[in-house]
Amino acid sequence: MARSKFRCHASETISEVIFRPQRDPNIAHRLQRAEAAYTAAQECREPQQAVDHYYESVVWSWIFICRYHNEPRVDLETDRAWDIYHSSLAKLITVGQEAGRLNLRQGLLVRNPSGMEVIPIHFKEFHWPQGSFNKLVTVGCYRDSNLKHQYRACGLGVPLVAIQKNKCSPPEFTPFFLQHTPFAATCILYPNLQPWTSTVALPSSPPVASGLTLYDPQKVETVQYENTSFRLAADITAPLGYLGQETNWNTLEEFSRPETDPKLAGLRMLEPYQAEKIPILFVHGLFSDPQTYLEMANRIRACPELTSRYQIWVFRYPTGGNFFLSAAKLRQQLASLAAQCEAKGTDRHLREMVIVGHSLGGLVAKLQVTSSGSTLWNNVARVPLDQVVATPTQREQLRSEFFFAASPYIKTAIFIAVPNEGSPWAHRPVGKIASHMVKYSPQQAELHRTLMQQNPNVFHPDLQKRIPTSVDLMNPDNQLLQAIQKIPLAPWAQSYAIAGTGGSALSRMGPSDGVVTLRSATTPAAGQTYYVDAIHTDILRNSSTIDIVTQILRNQVSLGYAPVSSGQ
């Protein structure tokens, strides 16, 4: 998978405008002082001094702009003042953190004409607690192959990516966050003008509290300063671009070695739990990771009526291993997280959860909305579980994999390009090679071998040979895969299937997306099926797919949109 190219840096794009003096020499002098302070900061090699120069540049550019606070105007000098303000503020945030002058819990330490001053920090409209702001990264240019659109808005303020390190409040939610979770913020610095303007006359106006103010751009669209309303600058996509780079997941290594770095695997929230929002849970496919859902998440977050009703969760797992074990882990973690959420109070939205599974992830998702009974176990072993010779740990693992009830929290399941009847590639040479690439740890292999030796002729012959891989389990002839098809979905679960039709005839599998046939992808369990002209590896980023998913989400919350029309 192509890695993202996310570069976080301050804007260097101060307009190349020739400064023309204003008729009022005092006004022109303020812009000149802003220019001079910015230049001094750029040339300064001492970070502590650079912080003070950048702050001075912010102050004088803000003072220049304030002369029009009752009379909005657009001219070259005002435009340049805005450029200086935003570039200086972006640099101030970056250099301030590096120099230890910006502490996100205590404030920004700067020098003014009267001495040192601590500029307070204010947080506006965030669900993230103040302790979650561990680092601020200014947004520059970024690119990610999983992101087709960048949702930005021009306006007042510097768009940021705020980073929460894995210490949550309340602490019981900590295991359900990434080690570093990015989220969007926009910063405006309202400077304390009094030390700078004792000899400069400004138009009279109501006092405005100074401070470095961080806004949630998904909730705040405009800000008011004195008598003027400004549109807030925003970059909703930037945190997802940052996530695409900083997670540094190695999908090939995790496919071939299912026990690689288990701390990174599991159920994760991308935002604090909010009782008024419905969780939408993304489960990725084979040779993949949650990054494949970045564009879908991007579209959801960019849509106010969806981001106000849904919160995004993801499940990451090693795709080469036994996916029954991954499904069991998701069930356990989902039940644990739901219990933590319910402990905060009655919440009906938690039981309206949406799960979206792509490819192999669709099989993992399906095992969340079905009850096994004894169907799966009867296709694995010839004797009841309590007659199997095993350690308590092994017996409990077998029980969690093959005996389970449907999750009461999932109301809607969306299956995208899911190999319900397997994939022809699984029994072709490439599939056999892929299966042999998967290497379990020596400890796991020995435990499995001992279990088989202690229970001769009890387990299915395929299971006796070795621990099955995900490729083995996706063979159309695999008994366990066929058994999954026999298990009905929970009666309360609405289901949808999206099948790709963009496969080439060279794949020699008839109508397909190149990996999964239409017949395999259009499970009878799905209440409604849609067809998208896309290949298997691109279907999640396909605009039609995302349109269908977002329409299903709208319909679920009864927003009154027209029915999906993308082919049934």
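Biologist: Before we start, what does "buried" mean here?
Modeller: A residue is called buried if its relative accessible area is under 20%. Please keep in mind that this is a predicted model.

Biologist: Then is tryptophan 60 buried or exposed?
Modeller: Tryptophan 60 has a relative accessibility of 3%, so it counts as buried.

Biologist: How many aromatic pairs are there in the whole structure?
Modeller: The search finds 24 aromatic pairs. One of them joins tryptophan 60 and tryptophan 196, whose ring centres are 6.1 Å apart with the planes at 85 degrees, so this pair is edge-to-face.

Biologist: Where do tryptophan 60 and tryptophan 196 lie?
Modeller: Tryptophan 60 is part of helix 2 (residues 47-66), while tryptophan 196 is in the loop between strand 10 (180-190) and strand 11 (211-215). The pair therefore ties together parts that are 136 residues apart in sequence.

Biologist: And tryptophan 196, buried or exposed?
Modeller: Tryptophan 196 is buried, at a relative accessible area of 8%.

Biologist: What about phenylalanine 126 and phenylalanine 133?
Modeller: They form an edge-to-face aromatic pair, with 5.0 Å from centre to centre and 85 degrees between the planes. Both phenylalanine 126 and phenylalanine 133 are buried.

Biologist: Which residues do ring pairs link into a cluster?
Modeller: The cluster consists of Trp62, Trp82, Tyr85, Tyr190, Tyr225 and Phe230.

Biologist: Which ring does the charged end of arginine 331 sit over?
Modeller: It sits over the ring of phenylalanine 404, at 3.8 Å from the ring centre. In addition, the charged end of arginine 428 sits over the ring of tryptophan 425, 4.7 Å from its centre.

Biologist: Changing topic, how many cavities of 30 Å³ or more are there?
Modeller: The count is two. The largest cavity has a volume of about 70 Å³, and the second largest has about 30 Å³.

Biologist: Which residues are closest to the centre of the largest cavity?
Modeller: They are Leu243, Leu270, Pro290, Leu294 and Val314, out of 11 lining residues. Helix 6 (294-301) and strand 17 (310-316) are the elements that give two or more residues to this lining. By class, the lining has 11 nonpolar residues, with no polar and no charged ones.

Biologist: And what lines the second largest cavity?
Modeller: Its lining is made up of Thr181, Pro182, Pro239, Leu240, Leu243, Leu270 and Arg301. Strand 10 and helix 4 (238-246) each give two or more residues, and helix 4 gives the most, with three. By class there are five nonpolar, one polar and one charged residues.

Biologist: How much space lies in the second largest pocket?
Modeller: That pocket holds about 760 Å³ of space. Its lining has 37 residues, and those nearest its centre are Leu325, Gln397, Glu401, Tyr440 and Gln444.

Biologist: Which element gives the most to that pocket's lining?
Modeller: Helix 11 does, with six residues. The elements that give two or more residues are strand 17, helix 8 (323-342), helix 11 (392-402) and helix 13 (442-454). The lining of this second largest pocket divides into 20 nonpolar, 11 polar and six charged residues.

Biologist: Last one: where is isoleucine 548?
Modeller: Isoleucine 548 is in helix 18 (residues 543-556). With a relative accessible area of 0%, isoleucine 548 is buried. Its C-alpha atom is separated by 9.5 Å from that of valine 532, and the two residues are 16 apart along the chain.

Conventions:
Residues are numbered from 1 along each chain as its sequence is written. This is a predicted model: local features need pLDDT of at least 70, side-chain atom pairs count only at pLDDT 80 or more; totals for chains, interfaces and linings use all residues. Side-chain values use heavy atoms; hydrogens and water are left out. Rings of Phe, Tyr and Trp (its six-membered ring) pair if their centres lie within 6.5 Å; planes under 30 degrees apart count as stacked, over 60 as edge-to-face and the rest as tilted. Helices (H or I, at least four residues) and strands (E, at least two) are DSSP runs, numbered from the N terminus. Buried means under 20% relative accessible area, exposed over 50%, partly exposed in between (1.4 Å probe, protein chains only). A charge sits over a ring if NZ of Lys or CZ of Arg is within 6 Å of the ring centre and within 35 degrees of the ring normal. On a 1 Å grid over the protein atoms alone, a cavity is a set of points where a 1.4 Å probe fits but cannot get out, and a pocket is an open set with protein on both sides within 12 Å along at least five of seven lines; lining residues have an atom within 4 Å of a point. Grid points are joined across faces, edges and corners, and a volume is the space filled by probe spheres set on the points. Ala, Val, Leu, Ile, Met, Phe, Trp, Tyr, Cys and Pro count as nonpolar, Asp, Glu, Lys and Arg as charged, and the others, Gly among them, as polar.
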